Structures are given as structure tokens and as C-alpha cells.
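Dear colleague,

Please find below the structure that I am handing over to you, together with its sequence. I would be grateful if you kept it open while reading the notes that come after it.

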Amino acid sequence: MCSWKANSSNDERFMAEAIRLATQGRGATAPNPCVGAVLVDDGRIVARGWHTRCGQLHAERECLANARELGIDPTGMTMFVTLEPCNHHGKTPPCTDAIIEAGIAKVCVGTRDPNPVAAGGVEKLKHHGIQVTVGILEQQCTDLIADFLLWQRSHSPFNIVKMAATLDGKIASRERKPEPVSSPESFARVHALRGMVGAVVVGGTTFYADNPSLTCRLDTLPDDFIQPFGVVVTSRLPEDPASHTLLRDRPEQAIFMTTESAARSTAADRLRSRGSSVWPLPGSPGNLTLAYGFERLRYEKGCHYTLCEGGGTFAMTLIEQGLADELIHFVTPRILGDNLAPAAYSGRASVSMADAVNFRIINTEMTGTDIMLTMRHA
């Protein structure tokens, strides 16, 4: 019999490990949430599991499978799981059934399932005599499924805005040369993000200044890996497509979001003749309504995540239009000290501190010499 005793610090330690495991499935589980689980006996973790990919076993069943592989009988033990165990038949059977059949004595849940179809797992477990605790590291567990919550209530992909800046908030020199700002380790993290998303999005300024490929360039990629779409938001379409890397290397994966008039131009026709997409958006040059384009990315191209890597004005536009679902900001310990160098976030005027856009930090880690801040709206 499990000798588990109530201890809030241990509870949080076990749930923190479940959260860590869950993050390993981020991206691959879409449109399902990423979930992690650990099995605890006598104050120690004896088995682990996480939802690895959409359609595969859920975290609870993976955890129990891990226990079987290790020759562990889970009877009387405690399971910590980041999200309420599902109580319905989808691509896999209900996780509540697996927990009940395994003889688990107690289940500690991070947060309830917001999906009414899958909810009810807590009540079912209690009905079968299993002790249930809800709300351990609840904010962190809710943050873990922010993408899933967004997909449930909107038609948009989950948009990650990436920025790398010096200590004085500069993203390039005043000449705007395409020089690295952050460390090689941060660069690798960005490409790991590119490997997770369905589209990499930049503004026209970045497209014309940097001539980017917008590809994931990790050293090793799965054999079935598909590069993300390269998306450019601009009112000025390229006149010479062959001069741009994206349009030379993979024109069929290039998408231009532009004004309605530009979408009717000869430049747009040239892009379409190469296999690229040109999508008209409502609004005026410099003030396009981007939500229409992002929703189209999700429903026409199957993009559940995007990585937005444009400059300061583009980043601020996404923030002001409510499309920055997550902000990943790399702070590099360098100072440029040039007032004319472009800033990380720009485009507003005469703004008081009371009008600042507030974020909360959900994770901080070192990447090489840099600090990587992950933030959500406060």
C-alpha cells in the first residue's frame, strides 16, 4: 500500500515534474493539449508518462505503461497529472477507466479540463472511491494548456512572438544589417520553435532587409519533417521573386498577406504563377486586420502554431491586435547605446506608463549567455 502523506512541497515537486514531461509533447499533440503524469509511491516517482502525439496514448496511460515496463504494480499508489483525466471515448479510451482498473488510490490534478466533452473525470474517479485533489500548481498547469484553450474558443492558431534584444532594447544596428543579436544557443532554441510551428511569419521590412529563408535549420530533423510555411505581411509585394531566397527555394510554401488592391496587382499574379499564395486582408497599408489571415492559416493550411519573427513595429502590431498569445524574448547582455537603432517594440506615440501593455513571466531560463523570458498577457 502506498505510504503517501500530504505534503504541499512534495505535491508541487511531483506536479512540476509532470509539467516538465508535458512540455516535451508541445506541438506534436495539437489540437489536443499537452499533458504529463507521474506515479508516486512512498514519496518517490516510480513511473512517468506524457502525451507524445495526437492519436497516441494519453499521459496517464503512458505512465501506467511505463510502470508495467518497469515491473511496478500501481495498486494503492498516487498519480499526479497536469490535466483532469478524460472521461470520454475519442481516439483513445477514457483515462479514468485505466486509472480505476490500475487500482490507483489517489489522483492529484493540476487543473480541470475546460472541454465539456472530456470533463467529468474527477467525479467519476471519486464515484469509484479514488481520492482526488485538484489545483496543485494550477496556474502553471493552466498555462500549459493555453494553446488548447485558445483553440477551443477561437478560430486562430496560437501565435508565438519571438524577439531578441540587447539590454537597451535594440534588435539591430541603425544600418539594420542581418547580424546575430543573441547567442548560438538562443539561435538553436528559435530553430527548435520553427520546427514546432506550422508557419513562420515576418513583416515586409524584415523580408526585404534580411532576405530570410524562414526554415527550420536544426542539425537533425525527422525524415517526415515538413518545413513551416513562410508568411510575409506586407503591402508591397516583391517585383522580382527570383531575388528572394524564400521564393527561389520553396515558392509553393510562401504566403503573402497584403492589401486588397495589392492582391489584384501584376506582382501578385507573378507570385501566384510560381505557386505562391497571395491573401488579401481588410485594412489599409500599415494597418491590415491580421486576424483574417491567421484564421486562414489555421483552417486552410492546418497551422495550429505560428512563430512571428518580424521587427519592432510588426511585433507591436500583433500585440495591439490581440494576436500575441505568447511572447518569447531573449535578453542578451550587450549594450548598443545608439538611439537610432531599431527598438524591440515600436510604433506607438505619446504613450504614458499607464498605457503600457502588461505581461507576466511564466518561465525564465538561460540560453547560452542570454536570458530567455516566456511571457503571456497579464
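The notes below describe what was found, moving from the overall fold to single elements.

**Overall dimensions**

Please bear in mind that this is a predicted model. The protein contains 12 helices and 16 strands. Its C-alpha atoms occupy a box of roughly 70 × 45 × 40 Å along the principal axes. For 378 residues, a compact globule would be expected to have a radius of gyration near 21 Å, and the value of 23 Å found for the protein agrees with this. Of the 378 residues, 51% are buried. Among contacts with a separation of 6 or more, 71% are between residues 24 or more positions apart.

**The nine-stranded sheet**

Nine strands make up an open sheet with mixed pairing, in the order β10-β9-β8-β7-β13-β6-β14-β16-β15. The edges are held by β10 (277–281) and β15 (359–367); each has a single partner strand, so one side of each lacks a neighbour in the sheet. From one strand to the next, the twist averages 20°.

Helix α11 (residues 290–301) lies across several strands, namely β6, β7 (199–203), β8 (229–233), β9 (254–259), β10 and β13 (305–308). Relative to β10, helix α11 runs at about 140°.

**Strand β14 and its neighbours**

How is β14 placed between its two partners in the sheet order? It stands between β6 and β16. With strand β6 (residues 158–165), strand β14 (residues 326–331) pairs in the parallel sense, over six bridges. With strand β16 (residues 370–377), the direction is antiparallel and five bridges make the connection.

Individual bridges can be followed on both sides. Val161 has Leu327 of β14 as its bridge partner, and Lys162 has Ile328. Ile328 is in turn bridged to Thr374 in β16.

Six of the six residues of β14 are buried, so the strand is largely enclosed by the rest of the structure. In a regular strand, side chains alternate between the two faces of the sheet. In β14, Glu326, Ile328 and Phe330 are buried on one side, and Leu327, His329 and Val331 are buried on the other, so that both faces are covered.

**Thr306 in strand β13**

Thr306 belongs to strand β13. Its relative accessibility is 0%, and Thr306 therefore counts as buried. Leaving aside residues up to four places away in sequence, Thr306 touches Pro157, Phe158, Asn159, Ile160, Val197, Ala199, Val201, Phe294 and Leu297.

**Nonpolar cores**

The largest nonpolar core has 56 residues. Within that core, the residues with the most contacts are Leu39, Met79, Ile104, Val107, Leu237 and Phe256. A second core, separate from it, has 31 residues, including Ala199, Cys303, Ala315 and Ala324.

Which residues does Val107 touch, not counting residues up to four places away in sequence? They are Met79, Val81, Pro85, Ile99, Leu125, Ile130, Gln131, Val132 and Thr133.

**Helix α3**

In helix α3 (residues 95–102), the buried residues include Cys95, Thr96, Ala98, Ile99 and Ala102. These residues lie on the same side of α3, because they cover an arc of only 160° around its axis. Among the elements covering them are α2 (59–69), β3 (78–83), β4 (106–111) and α4 (121–127). After α3 comes Gly103, which has a positive phi, near 80°.

**Helix α10**

Helix α10 (residues 266–273) has Ala267, Ala268 and Leu271 as its buried residues. Viewed down the helix axis, they fall within an arc of 100°, so they line one face of α10. They pack against α9 (245–249), β9 and β10. Thr266 and Ser273, on the other side of α10, are exposed. Gly275 follows α10, and its phi is positive, near 100°.

With kind regards

Note on methods
Residues numbered from 1 in each chain as written. Heavy atoms only, no water. Buried < 20%, exposed > 50% of the residue type's maximum accessible area, 1.4 Å probe, protein only. Helix = DSSP H or I, 4+ residues; strand = E, 2+ residues; numbered from the N terminus. Arc of directions from axis to C-beta. Contact = heavy atoms within 4.5 Å. Core = buried A, V, L, I, M, F, W, Y, C linked by side-chain atoms within 4.5 Å. Pairing = 2+ DSSP bridges. Axes fitted to C-alpha atoms, helices over the stretch in contact; angles between N-to-C directions. Rg over C-alpha atoms; globule rule 2.2 N^0.38 Å.
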